[in-house]
Amino acid sequence: MFPATWSRLSRLASSSRGRRTLSLFSSSGSSNWSKVVSDAEKIVGYPTSFMSLRCLLSDELSNVAMHVRKLVGTQHPLLNTARGFVYDNKNNLQMRGLVVLLLSKTAGPSSTAIDLHPQDMVSGIYPSQRNLAEITELIHTAFLVHRGIVNLEEWTLSDGSLKDMQFGNKMAVLSGDFLLANACTGLAELNNTKVVEMISSAIGDLVQGIYYENNNSEENLLAGGINVASWEEQTFLSHGALLAKSCQAAMELVKHNKEAQRLAYKYGKHLSLGHKLNSDLQPFVKSGVGEPASFSLSAAPVVFHRQIVGPERWQQQLQQATTLRNQLDYSQLLAVVKSEKGVSSAVDLCCYHSNRALEAIQAFPSSEARAALENIASAITKF
């Protein structure tokens, strides 16, 4: 599968109705998380926010950025995505690349890679592994941009100018395709067929996961929704596959054995699922009195709650939380979910994935980089 096919699938899967909440790599946003990320970046040699500058500062993307400025004052979601790249006060961006670099440094050189020399390493990381980390971020960024494409069939005049939305969609397609094409070029330059297969399958997983998310419309979620097992499967596809397979690919690049690749994959998988659970839990553990409730009906605590109380009682609770205008009162529904064991079950699952990630990393030699990975895995259980 090559750039044209990837980008077309990405755009089709990512078409949305507009003000979609984008999960960059959600965290609790606490000062503890910021410190963990800052300390980890020092270990790999430079802040990973600079990782994609070669692509982002190119003449081609600069021209796109000039056109994106025309969206200022509109409601197109691409503008919010662009702002997130410029001002990210929660250290959510570039996390996938940072984890790939830390794992690369933790594992170190392989004794079986006779064509790789330690003197080629910078801060304990091979250039090919740094390139892979950049590729991972470019793919993630491309999908974020494509997820800002608005479904114009569902757009109404009250949502803003149709002309602005059409123009914004063109910019989202162009800029997302550009990033994805650069990622594909970089992937080919790694000259490793197995790595190409791993990352290609991760892109396929991303597309499939986003299709699942789009199928989980509010109407479907109100009617029944998914169970916890399906939630984990779909969340891995849309949020975990890219990191897990990139971690595995970082080991393959320097010829580490299958066991090291398996453990790296395991760390990336459980870290991603733990992060998503942390993100889903935020409205339920941080919301204060008088604050407007904002959460998805596909959030993990809601999925757990729906499974615990059963479909009949869930429908009754939805009816009780519905206003006279036939709108859902999310504040009331939030209180209902918090009154049962859905939140505590989601917290337990988050801790489980954190522990599994910590378990995977213990097999690698003790080092400063491994300690940083341990801190990141532990930080996802802080709310």
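This passage describes helices, buried residues, salt bridges and ring contacts in one structure.

The structure is a predicted model, in which local features need pLDDT of at least 70, side-chain atom pairs count only at pLDDT 80 or more, and totals for chains, interfaces and linings use all residues. Residues are numbered from 1 along each chain as its sequence is written, and side-chain values use heavy atoms, with hydrogens and water left out.

Two helices illustrate burial. Helices (H or I, at least four residues) and strands (E, at least two) are DSSP runs, numbered from the N terminus. A residue is buried under 20% relative accessible area, exposed over 50%, and partly exposed in between (1.4 Å probe, protein chains only). Helix H6 covers residues 95-107 and has 13 residues. From its first C-alpha to its last, H6 reaches 18 Å. This is close to the 18 Å expected at 1.5 Å a residue. The expected span is 1.5 Å times one less than the number of residues in the helix. H6 is largely enclosed by the rest of the structure, because 12 of its 13 residues are buried. Among them are Met95, Arg96, Gly97 and Leu98. Ser104, Thr106 and Ala107 are also buried. Just after H6, Gly108 takes a positive phi of about 70 degrees.

Helix H13 (residues 300-309) is likewise largely enclosed by the rest of the structure, since eight of its 10 residues are buried. The buried residues are Ala300, Pro301, Val302, Val303, Phe304, His305, Arg306 and Val309. A positive phi of about 90 degrees occurs at Gly310, just after H13.

Burial also applies to a charged residue of helix H9. Asp205 lies in this helix, which covers residues 193-215. Asp205 has a relative accessible area of 13% and is therefore buried. Contacts were counted for heavy atoms within 4.5 Å. Leaving aside neighbours within four places in sequence, Asp205 is in contact with Leu237, Ser238, Ala241 and Lys245.

Salt bridges were searched for next. Such a bridge is a side-chain nitrogen of Lys or Arg within 4 Å of a carboxyl oxygen of Asp or Glu. Nine are found in the whole structure. One of these joins Glu259 to Arg262, with the closest N and O atoms 2.8 Å apart. Glu259 and Arg262 are three residues apart in helix H12 (residues 258-286), so about one helical turn separates them. Glu259 is partly exposed at 40% relative accessible area. Arg262 is partly exposed at 44%.

A second bridge links Glu340 and Arg313, with the closest N and O atoms 2.7 Å apart. This pair links distant parts of the chain, 27 residues apart. Glu340 lies in the loop between helix H15 (330-339) and helix H16 (342-361), and Arg313 lies in helix H14 (residues 311-320). Glu340 counts as partly exposed, at 25% relative accessibility. Arg313 counts as partly exposed too, at 38%.

A third bridge pairs Arg370 with Glu374, and its closest N and O atoms are 3.1 Å apart. Arg370 and Glu374 are four residues apart in helix H17 (residues 368-379), so they are separated by about one helical turn. Both Arg370 and Glu374 are buried. Elsewhere, salt bridges that share partners join Lys266, Arg356 and Glu359 into one network.

Aromatic rings were examined in turn. A pair of aromatic rings is described by the distance of the centres and the angle of the planes. Rings of Phe, Tyr and Trp (its six-membered ring) pair if their centres lie within 6.5 Å; planes under 30 degrees apart count as stacked, over 60 as edge-to-face and the rest as tilted. Three aromatic pairs are found in the whole structure. Phe284 and Phe295 form a tilted pair, 5.0 Å centre to centre with 55 degrees between the planes. The pair links distant parts of the chain, 11 residues apart: Phe284 is in helix H12, and Phe295 is in the loop between H12 and H13. Both Phe284 and Phe295 are buried. Phe295 and Tyr330 form an edge-to-face pair, 5.2 Å centre to centre with 80 degrees between the planes. This pair also links distant parts of the chain, with Tyr330 in helix H15, 35 residues from Phe295. Ring pairs thus link Phe284, Phe295 and Tyr330 into a cluster.

Charges over rings complete the description. A charge sits over a ring if NZ of Lys or CZ of Arg is within 6 Å of the ring centre and within 35 degrees of the ring normal. The charged end of Lys269 sits over the ring of Phe236, 5.8 Å from its centre. Arg306 lies over the face of Trp314, at 5.8 Å from the ring centre.
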